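Q: Please take one part of this structure and look at it closely. I would like to know what surrounds that part and what lies beside it.

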Amino acid sequence: MIRRYTLAEMGAIWSEEARYEQMLRVEIAVARAEAARGMVPADALVAIESRASVDVERIAEIERTTEHDVIAFVSQVAESVGPEGRFLHLGLTSSDVVDTALALQLQAAGERLLADCEALLAALIARARAEAGTVMMGRTHSVHAEPTTLGLKLAGWAFELARDRDRLRRAVDEVATGKISGPVGTYSHLDPDLETEVLGELGLHVDQVSTQIVQRDRHAMFLATIAVIGGSLERFATEVRNLQHTEIGELQEPFRSGQKGSSAMPHKRNPILCERIAGLARLLRGYAHTALEDQPLWHERDISHSSAERVILPDATILLDYMLVKMTGLIEGLVVRPERMRENIDRGLGLHASSRVLLALVEQGGLSREESYAIVQRAALRAADEGVPLQGLLATDSQVAARLSLAQLDACFDDDVVLRHVPTVIARLDSLEVLDHVAG
């Protein structure tokens, strides 16, 4: 991933040095288990534990000859150990080390993403509660529908993100799976109990039936979950973008002192962060598609997945990390313009009350739904065409006057009645568990 979208902690998880360090963790854990079984001499284990180290440049130098990065890695680490290095990689196949180390990287990346989710969730809950009574127009098909509140909108985002977080937690747990089962998963060189011991030490699950690799359904689910979270962030960002339209102007992205929106037009204050999040979400969906393509490998394994995973796994986690952090800052700094929200409601000429008038004519006026609909629709269309308030037209409509008193009609335009249950919905935020989650 390019540096522009790579945050330091997540980038460090996916560095070449970090990859080889995780592979070394696996090799040392296996050596310990083998030493406990008399397969590796005690003095050799001491040498491996004390002297084994990773030299990325030397690995690259060896790989130019071997054309095999794992062999180059094992050769370089053996060099760093000395004669006892011959006991490294004893009974292992490359994927025992590579897939298990990858699981450790994915686990670390997943923990970082979970911490990001917790931070964004906390920000959404706080803003939802703060804006619980900020009345704005709800829109369907981009057209005024009925009033809602900004807090209710943000509460919906919070619950969606909480679902995303829970899906991610399950996906991270599932992808944290390794294997030490040999060339085709038959434990031909090492016993199953050694695998259990090694993976237990590393904090990973055992792949109950592996081939030469850990099967890629887990990785596909992990990236599919990341793509779904990206879709949620894109939904949030798209709403902010829409509400930042000049003609609407109800929300705005934070805009720092000295920030510029256009090289040509000094007045521009563009929703660039939301647009960036929307664009990056498209990449996440593409990575998920590639992960699904990586599932049907030939026989016990091929390596068609390997090249793709070297790109999609680091990139997807790095991008989602960036997106979550940026969205958290956006929510915390979101500029809310309640006065513009009120202007837009008033500009709607009261048309949003049409459904309440319809129901009043049915429930209190005794008309059929079809009759009521026709009366209200005729008045609403006239109000919109002529630019006059709906309430005034209805008050002078003989059919309405015959069925509803002015007090009953006025009640239909009382938005407080429509929003009376908002506090009940906002209170549901109390059910969301926000963990003090620290990435490992």
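A: The answer below deals with helix α5 and then with the largest pocket.

This is a predicted model, in which local features need pLDDT of at least 70 and side-chain atom pairs count only at pLDDT 80 or more, while totals for chains, interfaces and linings use all residues. Residues are numbered from 1 along each chain as its sequence is written, and side-chain values use heavy atoms, with hydrogens and water left out.

Helix α5 covers residues 69–81, which makes 13 residues. Helices here are DSSP runs of H or I with at least four residues, strands are runs of E with at least two, and both are numbered from the N terminus. From its first C-alpha to its last, α5 reaches 18 Å, close to the 18 Å expected at 1.5 Å a residue. The expected span is 1.5 Å times one less than the number of residues. After α5 comes G82, and its phi is positive, near 105°.

The buried residues of α5 are D69, V70, A72, F73, V74, Q76, V77, A78 and V81. Buried means under 20% relative accessible area, exposed means over 50%, and partly exposed lies in between (1.4 Å probe, protein chains only). These buried residues pack against α2 (16–36), α3 (42–51), α4 (56–66), α6 (94–130) and α11 (304–333). Contact means heavy atoms within 4.5 Å.

The largest pocket has a volume of about 600 Å³. Of the 26 residues that line this pocket, R19, D69, V98, S306 and R310 are the closest to its centre. A pocket is found on a 1 Å grid over the protein atoms alone, as an open set of points with protein on both sides within 12 Å along at least five of seven lines; lining residues have an atom within 4 Å of a point. Grid points are joined across faces, edges and corners, and the volume is the space filled by probe spheres set on the points.

At least two residues of this lining come from each of α2, α5, α6 and α11. The lining divides into nine nonpolar, eight polar and nine charged residues. Ala, Val, Leu, Ile, Met, Phe, Trp, Tyr, Cys and Pro count as nonpolar, Asp, Glu, Lys and Arg as charged, and the others, Gly among them, as polar.

Helix α6 also holds R127. R127 counts as buried because its relative accessibility is 15%. Apart from neighbours within four places in sequence, R127 is in contact with L154, I331, E332, G333, L334 and V336.

Technical notes. On a 1 Å grid over the protein atoms alone, a cavity is a set of points where a 1.4 Å probe fits but cannot get out, and a pocket is an open set with protein on both sides within 12 Å along at least five of seven lines; lining residues have an atom within 4 Å of a point.
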